[in-house]
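Trainee: I would like to go through this model with you and ask, for each label, what value stands behind it.

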Amino acid sequence: MAEVITPRIEALRAHVREAAGDLRTIGLELDRDPTAIDRWLHLPAVDIMRSCTVPAEYLTNPLRIGGETYDIRSCLEHAVTIEELSYGDAGFMLACPGPLMSGAAVDALGDDKQRHAYYQRLARPEPTWTFFGLTEPAKGSAATELETALVPDGDGFRLTGQKRYVGNAAFAQLGVVFCRRAPGPLGIEAVLLDTDSPGFHAELIETVGLRGARISAIRFQDVRVERSQILGYESLKPSRRGLVGAIRTLQRFRPVLAGTALGLSRAVLDHVRTERPRLSRVARLRLEAAQDRLAAARARNYQVAAAIDAGQVRLDRIAGVKTRAAELAEQSTLLAADLLGPAALLEDPLLDKLYRDARAFEFMEGTGHIQRLAVFQGVLKGTFLDQPEN
Amino acid sequence: MTRPADTLLDPALFAAELDACHEQAAPGGLVASRSRWVLASRQRTGGGRPVPGGPSGLVAVQHDTPGGERELDVFAGRLLHLHRRAVRAVLDGALARLDQRVSEGATLLNRQLVRGVVADTALALAEAADLLDLPGATAQRRWRIHRDLRAAGRAVIKLHGAAGFQAAGPGRLLHLAELLGNTYLHPGPDGSSVGAADGSSVGSEALDG
């Protein structure tokens with residue numbers, strides 16, 4: 001594969017790595033109390049997440065490293081940034097204020113006025129948490145089947161329904177909600193919603209791990225929605241709204257999520273090397289095999305992200321790298337639990353946390369089964385295996 | 001009498017089943033692992049620190065000495081039966097759940113990928129039962145069975161989607177079963193002696209190749 005990591009990206013990586021250096025202890029604190037992020041908002045890692053993907057013109061102090069300015073809107077730079085922060089702690093990274101996935105939806109669908117208002121708000125001095133509401137209790141993340149209803153009400157609409165497994169929703173100030181205005185795939189809309197709107201209720205769901213993600217459930221009870229809150233309502237045809245935004249956002253974010261999983265994998269394998277410098281030969285070979293797979297997955301993720309930046313959105317490859325990275329995170333933590341010896345899950349708090357956190361990536365941004373179907377389609381079309389490497 | 005597998009999803013009943021393992025191995029007492037840890041209900045131990053990722057009623061306590069060989073043998077066997085029942089509960093829950101989930105006009109149980117996972121899990125459960133029935137159990141065999149059940153559990157929990165990650169549900173049940181195996185069944189020091197001996201038992205689920 002061609003090298004896509006330029007000196008500019010290496011400089012970004014080094015900067016983020018330094019900012020992520022202290023996150024593990026705080027990550028353990030967040031695991032116990034997900035609201036503890038409020039005590040750490042002064043950290044450079046939070047600054048990175050707050051400004052990440054916010055266009056530089058909205059920021060008083062955009063990220064500058066060695067004379068270069070970074071808004072991290074490149075998918076590759078985003079994936080590298082998130083990988084390094086997740087090497088520190090993935091839960092901490094996900095607990096941070098900032099655009100995360102809602103920003104990508106606004107970019108994909110919003111008109112100029114909506115984008116401007118959104119980023120102006122994100123750039124305010126006070127922290128703003130956001131959410132991306134797609135998944136539903138009965139339908140999962142099947143965007144074409146969602147049931148949350150947007151019903152006409154005078155010159156606007158009312159929103160009714162439920163979302164589930166939505167990061168940060170119980171703590172956010174605004175977010176994007178995918179909902180159904182009419183039957184069929186063209187009837188889906190994306191609405192930008194303030195969480196203080198009457199009828200909006202969100203609560204935290206207790207999870208096995210990755211508690212920093214603050215996975216939440218939302219109920220909408222006749223929430224008033226103005227036309228101006230529907231992303232692209234005035235500027236896009238129905239066929240270019242709603243569903244298109246959900247799909248584009250997920251595609252754009254899968255390499256970023258892969259970066260999260262790969263950062264965690266690297267963290268747990270490095271932890272084994274630190275804690276067990278003199279492994280038996282068999283154990284050492286197992287660790288080396290994991291590290292080889294990690295190196296290969298990272299290289300592939302960078303290629304996929306760079307291709308997205310170049311306008312080549314290869315669904316099968318995006319799906320492949322996401323599902324492989326999620327598997328690797330799980331397998332690396334299982335391996336670490338084996339290699340660190342009896343009762344390591346009780347005695348080693350970092351291992352315990354990473355072991356539980358790693359299970360989240362399988363279902364985030366599309367389950368492994370859904371990704372496999374995309375890979376299958378790519379094999380049939382001859383794009384997954386047979387297309388020449390870059 | 002053994003309770004139906006699905007009741008294991010209740011944290012109090014899981015803790016009671018774990019206590020029953022202790023009772024069978026050490027009547028009236030507790031069995032400490034070779035690393036001297038005891039996992040049991042707070043009621044049985046009388047105190048201890050909460051188990052990471054577990055319900056409040058389940059605690060870990062460190063003893064001065066490990067349990068005796070016979071106690072540990074009996075306890076390990078019971079623990080594997082409990083782990084097997086936990087995986088069965090996750091499978092049964094997935095079948096019930098996906099039979100109710102309709103997509104594109106059919107239940108999700110009609111998807112071939114789903115059926116494949118269900119069948120593979122059932123095969124792993126059947127094999128684990130057969131292995132547990134073999135005479136002459138060894139620590140190495142028990143560790144292999146644990147790892148097989150761990151892999152089966154990790155596969156079948158995916159049928160629950162994000163719901164499998166909720167603390168109140170099958171995700172925590174599997175985590176506790178894995179934690180118990182890591183504490184009581186791990187052969188130490190790095191687990192690599194198992195599988196290296198026969199070259200076949202180390203599955204791919206933990207990157208053994």
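Mentor: Read from the N terminus, the elements of chain B run α-β-α-β-β-α-β-β-α-α-α-α, which comes to 7 helices and 5 strands. Please keep in mind that this is a predicted model.

Trainee: What makes A60(B) a buried residue?

Mentor: Buried means under 20% relative accessible area, and A60(B), with a relative accessible area of 3%, is therefore called buried. A60(B) lies in strand 3 (residues 58-62) of chain B, and its C-alpha is 6.7 Å from that of W37(B), although the two are 23 residues apart in sequence. Of the 209 residues of chain B, 52% count as buried.

Trainee: Why is D133(B) called exposed?

Mentor: Exposed means over 50% relative accessible area, and because D133(B) has 62%, D133(B) is exposed. D133(B) belongs to helix 4 of chain B, and together with E127(B), D130(B) and D148(B) it forms a patch of negative charge on the surface. Helix 4 (residues 112-133) of chain B gives the largest share of that patch, 3 residues.

Trainee: Why is I370(A) called partly exposed?

Mentor: Partly exposed lies between the limits of 20% and 50%, and the 47% of I370(A) therefore earns that label. I370(A) sits in helix 12 (residues 368-381) of chain A, and with L373(A) and L113(B) it makes a nonpolar surface patch of about 240 Å².

Trainee: How do you know that R121(A) and D194(A) form a salt bridge?

Mentor: The cut-off is a side-chain nitrogen of Lys or Arg within 4 Å of a carboxyl oxygen of Asp or Glu, and the closest N and O atoms of R121(A) and D194(A) are 3.0 Å apart, which meets it. R121(A) lies in helix 6 (residues 112-122) of chain A and D194(A) in strand 7 (residues 188-194) of chain A, so the pair ties together parts that are 73 residues apart in sequence. R121(A) is buried at 18%, whereas D194(A) is partly exposed at 26%.

Trainee: What makes D33(A) and R39(A) a salt bridge?

Mentor: Their closest N and O atoms are 3.9 Å apart, and the cut-off is within 4 Å, so the pair counts as a salt bridge. D33(A), at 26% relative accessibility, counts as partly exposed, and R39(A), at 48%, also counts as partly exposed.

Trainee: How do you know that the span of helix 8 of chain A agrees with its number of residues?

Mentor: At 1.5 Å a residue, the 29 residues of helix 8 (residues 281-309) should span 42 Å, and because the end C-alpha atoms are 42 Å apart, the two values agree.

Key. Residues numbered from 1 in each chain as written. Chains lettered and ligands numbered in written order. Predicted model: local features only at pLDDT ≥ 70, side-chain atom pairs only at ≥ 80, totals over all residues. Heavy atoms only, no water. Patch = residues over 30% accessible without salt bridge, like charges linked within 9 Å, V, L, I, M, F, W, Y side chains within 5 Å. Areas by Shrake-Rupley, 256 points an atom, 1.4 Å probe, with all protein chains shown as cover. Lys, Arg positive; Asp, Glu negative; His and termini not counted. Charge placed at Lys NZ, Arg CZ, Asp CG, Glu CD. Helix = DSSP H or I, 4+ residues; strand = E, 2+ residues; numbered from the N terminus. Buried < 20%, exposed > 50% of the residue type's maximum accessible area, 1.4 Å probe, protein only. Expected span 1.5 Å × (residues − 1).
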